[in-house]
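Student: I would like to take a close look at the sheet of this protein and at what packs against it. Could you please guide me through that part in a connected way?

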Amino acid sequence: MILVNTDYISGKEFKMLGLVKGSTIQSKHIGKDIAQSFKTLVGGELKGYNDMMNEARALATKRMVAEAESLGADAVVNIRYASSAIMQGAAEVIAYGTAVCFVEK
């Protein structure tokens with residue numbers, strides 16, 4: 001499965017199958033949430049939240065790919081990510097793009 005954030009793939013012609021998406025809502029456990037709260041007092045990277053968002057993006061991407069595969073797609077083009085805070089310490093991440101299948105020239 002080819003995943004790109006452009007609306008083309010060099011050397012490939014394809015037909016569009018439709019919009020595919022994957023999403024998740026992730027949070028960290030209370031201990032890490034408290035630790036990250038203290039980190040905001042002194043500044044710096046919030047590694048716990050960074051890890052949480054990386055995990056969420058990976059899971060959303062995996063779910064998007066699964067939806068594309070169910071349509072028989074060879075690739076997903078024009079991939080985008082969006083996120084929003086649901087509550088303190090929890091975020092929704094969505095990955096979306098256009099599923100395509102390659103056509104012979």
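Tutor: In this predicted model, Ala82 has Ile94 in S4 as its bridge partner. That pair belongs to the ladder between S3 and S4, two strands that run antiparallel and are joined by 10 bridges. On another side of the discussion stands S2, which is also antiparallel to S4 and is joined to it by 14 bridges. Two positions help to locate this second pairing: Met16 has Val100 in S4 as its bridge partner, and Val20 stands opposite Gly97 of S4.

These pairings can now be placed in the whole sheet. It is an open sheet of 4 strands, in the order S1-S3-S4-S2, and its pairing is mixed. Strand S1 (2-3) and S2 are at the edges; each has a single partner strand, so one side of each is left without a neighbour in the sheet. Helix H2 packs on this sheet and touches S1, S2, S3 and S4, with its direction at about 145 degrees to that of S2.

The order along the chain should be kept apart from the order in the sheet. From the N terminus on, the elements run β-β-α-α-β-β, which comes to 2 helices and 4 strands. Among the contacts between residues at least 6 apart in sequence, 77% join residues at least 24 apart.

Next, consider the nonpolar residues. The largest nonpolar core has 15 residues, and those with the most contacts inside it are Val20, Met64, Ala68 and Val76. Helix H2 (47-70), strand S3 (75-87) and strand S4 (90-103) each supply at least two residues of this core. The largest share, 7 residues, comes from H2. Val76 shows how several parts of the chain meet at one residue: apart from its neighbours within four places in sequence, Val76 is in contact with Met1, Ile2, Leu3, Val4, Val20, Met64, Ala68, Gly97, Thr98 and Ala99. Val20, Met64 and Ala68 in that list are also named among the core residues with the most contacts.

Two further residues of the strands deserve attention. Thr24 lies in strand S2 (residues 13-27). Thr24 counts as buried because its relative accessibility is 7%, and buried means under 20%. Not counting residues up to four places away in sequence, Thr24 touches Ala56, Leu59, Ala60, Arg63, Ala91, Glu92 and Val93. The side chain of Thr24 also makes a polar contact, at 3.4 Å, with the side chain of Gln26.

Asn78, by contrast, lies in strand S3. Its relative accessibility is 31%, and therefore Asn78 counts as partly exposed. The backbone of Asn78 merits a second look, since its phi is near 55 degrees, a positive value in a residue other than glycine.

Finally, these residues can be set against the chain as a whole. Buried residues make up 30% of the 105 residues in the chain, and Thr24 is one that counts as buried. The chain exposes about 6,600 Å², of which carbon and sulfur atoms supply 54%. To retrace the path on the structure, begin at the bridge between Ala82 and Ile94, continue to Val20 opposite Gly97, and then turn to H2, which packs on the sheet.

Note on methods
Residues numbered from 1 in each chain as written. Predicted model: local features only at pLDDT ≥ 70, side-chain atom pairs only at ≥ 80, totals over all residues. Heavy atoms only, no water. Buried < 20%, exposed > 50% of the residue type's maximum accessible area, 1.4 Å probe, protein only. Polar contact = N/O pair within 3.5 Å; in protein donor to acceptor, adjacent residues only side chain to side chain. Contact = heavy atoms within 4.5 Å. Core = buried A, V, L, I, M, F, W, Y, C linked by side-chain atoms within 4.5 Å. Pairing = 2+ DSSP bridges. Axes fitted to C-alpha atoms, helices over the stretch in contact; angles between N-to-C directions. Areas by Shrake-Rupley, 256 points an atom, 1.4 Å probe, with all protein chains shown as cover.
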